[in-house]
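A close reading of one part of a model is easier with the sequence and coordinates at hand. Both are shown here.

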Amino acid sequence: MHTSQMAALRLRAEQSLLGGVASGWNHLSLTGPIYFKRAHGAYLYDVDGRRYIDYFLGWGSLLLGHDPPGMRDALLAALQQGFCHEYETESQILLAEKICSIVPCAERVRLANSGTEATMYAVRVARSRTGKNKIIKFEGHFHGLHDTLLFATDSSPRLGALQEGGEIEPVPGSSGVPSALGELVVVLPFNDTEAFARAVERHHADLAAVIMEPIAMNLGCIAPDRAFLDAVRRITSEKGIVLIFDEVLTGFRVALGGAQEYYGVSPDLACYGKALGCGMSIAAVAGRKDIMEEIYPPGQVQMGGTNSGRILAVAGALAALDTLSRPGFYERLSALTDRFVAGMRSLTQRYDIPSYVEGIGGRIGVYFGLQRRPRNMRDVLDGWNQGFHNECYLKALEKGLYGVFHPLPFSPESITLCAAHTPEDIDDTLDKIEAIFKQVPYTRTG
Ligand code: PLP
């Protein structure tokens, strides 16, 4: 697939960048990195001039595509105010006001740069508030790469052993993360109310927080069971445990007010990144005033940093939220999602490929081999035809689909849509997927 330009850049990159990449996630499984020259809307152009329809979209951050005009104008205007300064202006106040008006749980806001930072700080706030240390997280939910929560993720080298009461061994998701920190993390299967209630009974004297992706979008697209979500909210409230929604992927995506608006369930704290900045490096922790006040000032939790709340990122986020707030935005995104999901379902039926397909807010999980809705990571593993998935991924890439059927070790990566995709892009993509199904015979074993 790669011509000499791509191959030459690869060789050159490896002489200065580890593994040939500036960011590890760009070293794609099965293929390694692809080098691009430019991007526009939902399209990417590689160094050899090949066009791709982008379905990775900055790992879910580029909800408006690569170069939305509203953001470009706002960023150019911000540059006139002084290059990248990070002191307080009215813009940060405007952004916090906007977040408080949009997000149900948000009474106060503090800014950061990445989703990783946001979840790290949220846990620190919960520990400060409760004076306790343990955190419940769910298997396969991803909260960034910091040491506190990097357990039982798709980068863990193996599945954790099942333990007493339905708990799961917290296997670190990276070399260098002390396994001793796993003693502060209780890993549970998602959507298992009994295991959750048992774990709270067992650990509540030490439990500071429960953190969850309200929709498990790092496992494709797994929605919470209504009864499970309600039980988690009720039990954490009763026991004084801080409930943190990691809305880094769901925030401003599944609805303007994120998953908490979508389900009508408010956490105590919520973490944002990705679509908050639609491509800019910005993140936030938002939540109840009495809990947020743990943060300095007025509280004692340290949260700040050289790059936090920079004017350029704030200007980008303000412009992004402006576009996302326009009437009809989420209806259109839903219509694109439904078109993709319906098309995939009918293709897999036509080609007799057992599959489950689910999509919410432009994040679509396609699970080849599964016959029914997975409710957690073990359900995915119990039937996912990874071999077929991998073959389809490589063929999709050849056909100029970037991020369709990308496999992770324990689940499929979701296919991501953005506002720059058109119904014609979706139809064109489905045609290409049909061609793949004609080329790649479905074999029952992965
Ligand atoms: N939380 C969730 C749910 C994520 O999906 C991610 C990244 O994919 C993060 C946190 C970490 O965000 P970042 O990559 O901005 O550090």
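The discussion below takes up one helix and then its surroundings.

Q: Please take a close look at helix α14: which strands does helix α14 lie across, and at what angle to β3 does helix α14 run?

A: The model is predicted, so local features need pLDDT of at least 70 and side-chain atom pairs pLDDT 80 or more, while totals for chains, interfaces and linings use all residues. Residues are numbered from 1 along each chain as its sequence is written, and side-chain values use heavy atoms, without hydrogens or water.

Helix α14 comprises residues 423-439 and lies across β2, β3 and β13, with its direction at about 105 degrees to β3. Helices (H or I, at least four residues) and strands (E, at least two) are DSSP runs numbered from the N terminus. Axes are lines fitted to C-alpha atoms, for helices over the stretch in contact, and angles between N-to-C directions run from 0 to 180 degrees.

The sheet beneath this description is an open one of four strands, ordered β1-β2-β3-β13, with mixed pairing. Two strands pair if DSSP finds at least two bridges between them. At the edges are β1 (36-40) and β13 (401-402), each of which pairs on one side only. β1 pairs with β2 in the antiparallel sense over four bridges, and A39 has L44 of β2 as its bridge partner. Two residues separate β1 and β2 in their hairpin, where G41 adopts a positive phi near 60 degrees.

Strand β2 (residues 43-46) continues the sheet towards β3 (residues 51-54), to which it is joined in antiparallel fashion by three bridges. Within this pairing, R51 of β3 is the bridge partner of Y45. The hairpin of β2 and β3 has four residues between its strands, and G49 in the turn shows a positive phi of about 85 degrees. In a regular strand the side chains alternate between the two faces of the sheet. For β2, both faces are covered: Y43 and Y45 are buried on one side, and L44 and D46 are buried on the other. Buried means under 20% relative accessible area, exposed over 50% and partly exposed in between (1.4 Å probe, protein chains only).

Helix α14 also packs against other helices. With α11 (residues 329-350), α14 makes an angle of about 20 degrees, and the two axes are 10 Å apart. On the α11 side, this contact (heavy atoms within 4.5 Å) is made by R332, L336, R339, F340, G343, M344, L347, T348 and R350. On the α14 side, the contributors are P423, I426, D427, T429, L430, I433, E434 and F437.

With α13 (residues 386-398), the packing angle of α14 is about 125 degrees, and the axes are 10 Å apart. Here F388, C392, K395 and A396 of α13 meet I436, F437 and Q439 of α14. F437 is thus named in the contact with α11 and again in the contact with α13.

A second sheet should be considered alongside the first. This open sheet has three strands in the order β11-β12-β14, with antiparallel pairing. Its edges are β11 (355-360) and β14 (415-416); each has a single partner strand, so one side of each lacks a neighbour in the sheet. Strand β12 (residues 363-368) is joined to β14 by two bridges, and these strands run antiparallel. In that pairing, R363 stands opposite T416 of β14.

Two other helices complete the survey. Helix α10 is mostly covered, as 13 of its 14 residues are buried. In α5, the buried residues include G115, E117, A118, T119, Y121, A122, V123, V125, A126 and R127. Just after α5, G131 takes a positive phi of about 70 degrees.

R127 itself belongs to helix α5. Apart from neighbours within four places in sequence, R127 is in contact with K132, N133, I135, T148, L184 and A208. The C-alpha atoms of R127 and I241 are separated by 9.7 Å, although these residues are 114 residues apart along the chain.

To return to the request, α14 lies across β2, β3 and β13, packs with α11 at about 20 degrees and packs with α13 at about 125 degrees.
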